[in-house]
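Here is a friendly walk through the aromatic rings and the sheet of one protein model. Have the sequence at hand and look along with the text.

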Amino acid sequence: MVVEPRVGRNAWIRPGVKPHRLSVIADSRKPEAVLLGERMRVWLTERNAFAEQDDQADMQIVLGGDGMVVRAARSQHDVPVLGIDFGQFGFLAHVPPARWETRLNQVLSGRYEVRVDATIRVDLERDSQPLRSMWAVQDVVFHAFVVPGNGQQMSVLELYIDNKFLNPLPGDGLIIATSPGSSAYNLAAGGPVLAPGSRTFAITPICAHTPMRASFSVAESTSITIVQLGRFAISVCVDGQESFDEFAPNDVAHITADPRRFQLVTFPDTSFFGRFRQRFNYRIRPGHRESGLFHAHSDASTASTQRTSPGTDPAGTIG
């Protein structure tokens with residue numbers, strides 16, 4: 001079921017329609033998610049709205065973290081995904097477990113929206129011949145790694161934007177992120193957060209070995225080309241879930257927008273910016289407890305004169 005977003009100022013938002021069948025995917029590593037998944041399947045079956053097979057569903061319910069949401073989208077790109085937050089971040093998987101029944105009632109009555117974002121296609125070439133094609137929902141990362149016997153190596157990536165040479169980028173690598181991926185590794189590397197509907201990709205160097213470390217925001221229609229000029233092969237990884245580790249010197253990567261779209265279920269009473277403010281407020285995860293692993297190294301350690309403000313508790317969970 002591929003539905004183009006409506007034309008207009010908010011073309012990146014598609015109004016929801018009443019789904020007929022919903023699949024339920026729970027992170028098997030998290031017992032709480034598995035238990036709630038079973039309850040959800042019973043609840044949906046009682047309403048004649050449960051899909052046993054993922055390919056029979058017109059909406060995917062994912063109980064896990066943001067990675068699980070992306071994995072579900074990669075598996076069934078034409079089916080919208082609703083994420084129930086059992087992760088450590090909860091930006092894409094934004095519905096708190098306590099609110100699952102309220103949100104599913106809204107879904108079954110068609111009172112929801114679908115955020116539609118571009119995805120990335122990566123075509124790798126060697127000696128002008130196709131080498132491999134990859135697809136990213138969140139980001140594609142070019143990254144150097146430790147070479148046995150040669151230590152940590154630096155990558156050198158020659159960057160072209162719209163077929164125009166920009167610069168060689170020596171360093172740890174480069175990130176190209178979509179709007180939903182811009183708040184992940186891209187943000188950690190100092191890149192911009194791309195708001196929904198911006199129709200842009202972020203290009204962000206990783207620990208660039210140059211005073212010029214600017215990140216770029218370019219239109220989705222922009223062609224991006226990368227030439228590998230380092231001494232050793234580096235890794236090309238999409239969404240942190242699929243990688244090609246033999247991107248060798250003189251290989252070329254072409255990055256463009258893919259026709260496939262990432263479709264995330266949201267609700268009219270939620271806000272991207274509200275969720276962003278909450279999730280990144282002092283980088284504190286609401287409800288997080290200390291691991292208990294900390295211990296002082298020595299009583300002789302110099303006491304710090306720096307103190308942090310206790311601040312205030314983050315706002316309640318949005319979802």
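The model is a predicted one, and it holds 5 aromatic pairs. As background, a pair of aromatic rings is described by the distance of the centres and the angle of the planes.

Let's begin with F142 and F247. Their ring centres lie 5.6 Å apart with the planes at 55°, which makes this pair tilted, because an angle that is neither under 30 degrees nor over 60 counts that way. F142 belongs to strand β7 (residues 139–143) and F247 to strand β17, so their contact ties together parts that are 105 residues apart in sequence. Are these two rings buried or exposed? F142 is buried, with a relative accessible area of 0%, and F247 is buried as well, at 0% relative accessibility.

Another of the pairs is formed by F272 and F273, and this one is edge-to-face, with 5.1 Å from centre to centre and 85° between the planes. Here the two partners fall into separate classes of accessibility: F272 counts as buried at 12% because the cut-off for buried is under 20%, whereas F273 counts as exposed at 56% because the cut-off for exposed is over 50%. Ring pairs also bring in F91, linking F91, F272 and F273 into a cluster.

The two pairs can be set next to each other:

| Pair | Centre to centre | Angle of planes | Type |
|---|---|---|---|
| F142 and F247 | 5.6 Å | 55° | tilted |
| F272 and F273 | 5.1 Å | 85° | edge-to-face |

Rings also meet charges in this model. The charged end of R47 sits over the ring of W43, at 3.8 Å from the ring centre. For R103, the charged end sits over the ring of F267, 4.2 Å from its centre.

Now for the sheet. In general, strands of a sheet pair through backbone hydrogen bonds, either parallel or antiparallel. Which strands make up the open sheet, and in what order? There are 6 of them, in the order β14-β13-β12-β7-β16-β17, and the pairing is antiparallel. Why is one side of β14 and of β17 left without a neighbour in the sheet? β14 (216–219) and β17 (242–247) stand at the edges, and each has a single partner strand, so one side of each stays free of a neighbour in the sheet. On average, neighbouring strands of this sheet are turned by 15° against each other, direction ignored.

Within the sheet, strand β12 (residues 173–177) and strand β13 (residues 200–206) run antiparallel and are joined by 5 bridges. For A177, the bridge partner in β13 is A202.

Technical notes
Residues numbered from 1 in each chain as written. Predicted model: local features only at pLDDT ≥ 70, side-chain atom pairs only at ≥ 80, totals over all residues. Heavy atoms only, no water. Pairing = 2+ DSSP bridges. Helix = DSSP H or I, 4+ residues; strand = E, 2+ residues; numbered from the N terminus. Axes fitted to C-alpha atoms, helices over the stretch in contact; angles between N-to-C directions. Phe/Tyr/Trp six-rings, centres within 6.5 Å; stacked < 30°, edge-to-face > 60°. Buried < 20%, exposed > 50% of the residue type's maximum accessible area, 1.4 Å probe, protein only. Lys NZ or Arg CZ within 6 Å of the ring centre and 35° of its normal.
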